[in-house]
Amino acid sequence: MPLAAANQSQLIRSSQKDEYYRTFLRNNSNEAFQTLAGSKRWLDWRREMELLSDLAYYGLTTFSGYQTLGEEYVNIVQVDPTERRVPSRARRGLFVLCHAYFPYLVDKVLVCLENELECGQDRRGGGRQRRAAPELWWSLESWLRRWIQRVVGLLSVPQRRACMAATFVLRPSLSLLHRFHAAVFYLSGSFYHLSKRAAGIRYLRVVALSRDDGTIRSSYRLLGALSLLQLLITVCLQFNSFRQKQRARHEWKLYRSLSPQRTHTSGPTAASCILCLEERRHSTCTPCGHLFCWECITEWCNTKSAPCVGRSSSLTGWCT
C-alpha cells in the first residue's frame with residue numbers, strides 16, 4: 001500500500017493526544033515528587049520535573065525509534081526529508097532537545113536576564129533590592145545567573161536599557177512566531193511544530209488515502225489565510241501601540257528637560273498631584289477638571305486602559 005503525506009487534521013490529533021499523555025505524566029511525576037520531597041522543594045523544582053517528564057516521554061518513544069501514543073492513535077510514521085527512510089538518531093535527538101529542552105532553557109535565560117537588569121536599575125536608583133531566593137551552586141539557574149551577571153556587568157547604561165527593552169519585546173515576539181508558524185502549517189500541511197521543522201521530520205500516513213483528504217486540506221488552507229490576516233492585524237495594532245508609547249515617552253522626556261515650573265497656592269494640598277502625592281510640576285488638566293503633573297498623567301495614560309484616572313478602580317473617589 002503506497003504511503004501518502006499526513007494531512008493537517010491527523011497531525012493536530014496526534015499532537016493533542018501526545019499533549020494529553022504528557023500532561024498525565026507531568027501530573028503524576030509532580031504529585032509523586034511533592035509527596036516525597038514536600039511542597040517547598042516541589043515548588044522549587046516543578047519546572048525541572050516537567051522537563052524530565054517530557055524528556056522521558058520522547059526519549060522512550062521518538063528517540064528510541066518508536067511511535068508516540070499520538071502517532072499510533074492516528075496511524076502516522078516519522079520520515080526524513082527524503083520520505084524514504086525513518087529519521088536518523090541525530091534528527092530524533094535534535095527534535096527532542098528543541099521540543100522539550102530548548103523552551104525550558106529560553107525561559108530560564110529570559111527570567112534571569114530580566115531579574116538582573118531590574119536589580120541593576122534598583123542598585124543605580126538607590127532602591128531597595130529584592131532578596132534572592134537561595135540557590136544550589138550546581139543548579140542551571142545558579143550557573144545562568146552568574147554568567148548573566150558577568151555579561152550584564154560589561155554593558156553600559158544605554159546598552160542595558162536597550163537590552164531590557166529587547167527582553168520585553170522578545171516574549172510577545174515568540175508568541176507571534178508560533179502563531180505565524182501555525183498559519184504556515186495550515187497552508188502547507190507539514191511541520192506542525194517548530195522543533196520538527198528544525199529537525200526536518202515529516203509524517204506519512206499508514207492508512208489508505210480518503211476521498212475527503214482534498215476537502216480537509218482546502219478547509220485548513222482557508223483557516224491558514226484567516227490566521228495570517230488576524231496575525232497581520234495584531235502586529236499592526238501592537239506596532240501602533242508601540243509608536244504611541246514611544247511618542248508619549250518622548251514627550252515626557254521633553255517636558256522633563258524644561259525648567260521646573262511649580263504651582264504656588266496657599267494650600268499645600270491644592271498644589272499636590274494625586275498620582276505622585278508631591279507638588280505638581282507642569283500642571284496639566286484632564287477633561288474631568290483635575291490637575292496632575294504632566295509626567296504623571298502621560299505615564300498613567302500610557303500604561304492604563306482607563307481614559308480618566310478617576311474612572312480607574314484603583315483611584316475610585318478622586319473623580320465623582
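**Exercise 1.** How many residues does helix H5 have, and how far does H5 reach from its first C-alpha to its last?

*Solution.* The structure is a predicted model, in which local features need pLDDT of at least 70, side-chain atom pairs count only at pLDDT 80 or more, and totals for chains, interfaces and linings use all residues. Residues are numbered from 1 along each chain as its sequence is written, and side-chain values use heavy atoms, with hydrogens and water left out.

Step 1. Helices (H or I, at least four residues) and strands (E, at least two) are DSSP runs numbered from the N terminus. H5 covers residues 140-153, which is 14 residues.

Step 2. From first C-alpha to last, H5 reaches 20 Å, close to the 20 Å expected at 1.5 Å a residue. The expected span is 1.5 Å times one less than the number of residues.

**Exercise 2.** Find which residues of H5 are buried, and explain why they line one face of the helix.

*Solution.* Step 1. Buried means under 20% relative accessible area, exposed over 50%, and partly exposed in between (1.4 Å probe, protein chains only). In H5 the buried residues are Ser142, Leu144, Arg145, Ile148 and Val152.

Step 2. Viewed down the axis of H5, these buried residues fall within an arc of 160°, so they line one face of the helix. The arc is that of the directions from the helix axis to the C-beta atoms.

**Exercise 3.** Describe how helix H1 and helix H2 meet.

*Solution.* Step 1. H1 spans residues 8-37 and H2 spans residues 39-60; their axes come within 8 Å and cross at roughly 145°. Axes are lines fitted to C-alpha atoms, for helices over the stretch in contact, and angles run from 0 to 180 degrees between N-to-C directions.

Step 2. Contact means heavy atoms within 4.5 Å. Among the residues making this contact are Tyr21, Leu25 and Phe33 of H1, and Trp42, Trp45 and Met49 of H2.

Step 3. The residues of the contact divide into nine nonpolar, five polar and seven charged. Here Ala, Val, Leu, Ile, Met, Phe, Trp, Tyr, Cys and Pro count as nonpolar, Asp, Glu, Lys and Arg as charged, and the others, Gly among them, as polar.

**Exercise 4.** Place glutamate 48 and aspartate 80, and state whether each is buried or exposed.

*Solution.* Step 1. Glutamate 48 is in helix H2 and counts as buried, at 16% relative accessibility. Apart from neighbours within four places in sequence, glutamate 48 is in contact with Tyr104 and Lys108.

Step 2. Aspartate 80 is in the loop between S2 and helix H4 (89-125). Its relative accessibility is 7%, so aspartate 80 counts as buried.

Step 3. Leaving aside neighbours within four places in sequence, aspartate 80 is in contact with Arg85, Val86, Pro87, Arg91 and Gly200. The C-alpha atoms of aspartate 80 and isoleucine 201 are separated by 5.2 Å, with the two residues 121 apart along the chain.

**Exercise 5.** Compare the phi and the surroundings of asparagine 75 and phenylalanine 191.

*Solution.* Step 1. Most residues other than glycine have a negative phi. Asparagine 75 has a positive phi of about 60°, and phi of phenylalanine 191 is near 60°, also positive.

Step 2. Asparagine 75 is in the loop between helix H3 (69-74) and strand S2 (76-79), and at 34% relative accessibility it counts as partly exposed.

Step 3. Phenylalanine 191 lies in the loop between helix H6 (157-188) and helix H7 (194-199). With a relative accessible area of 11%, phenylalanine 191 is buried.
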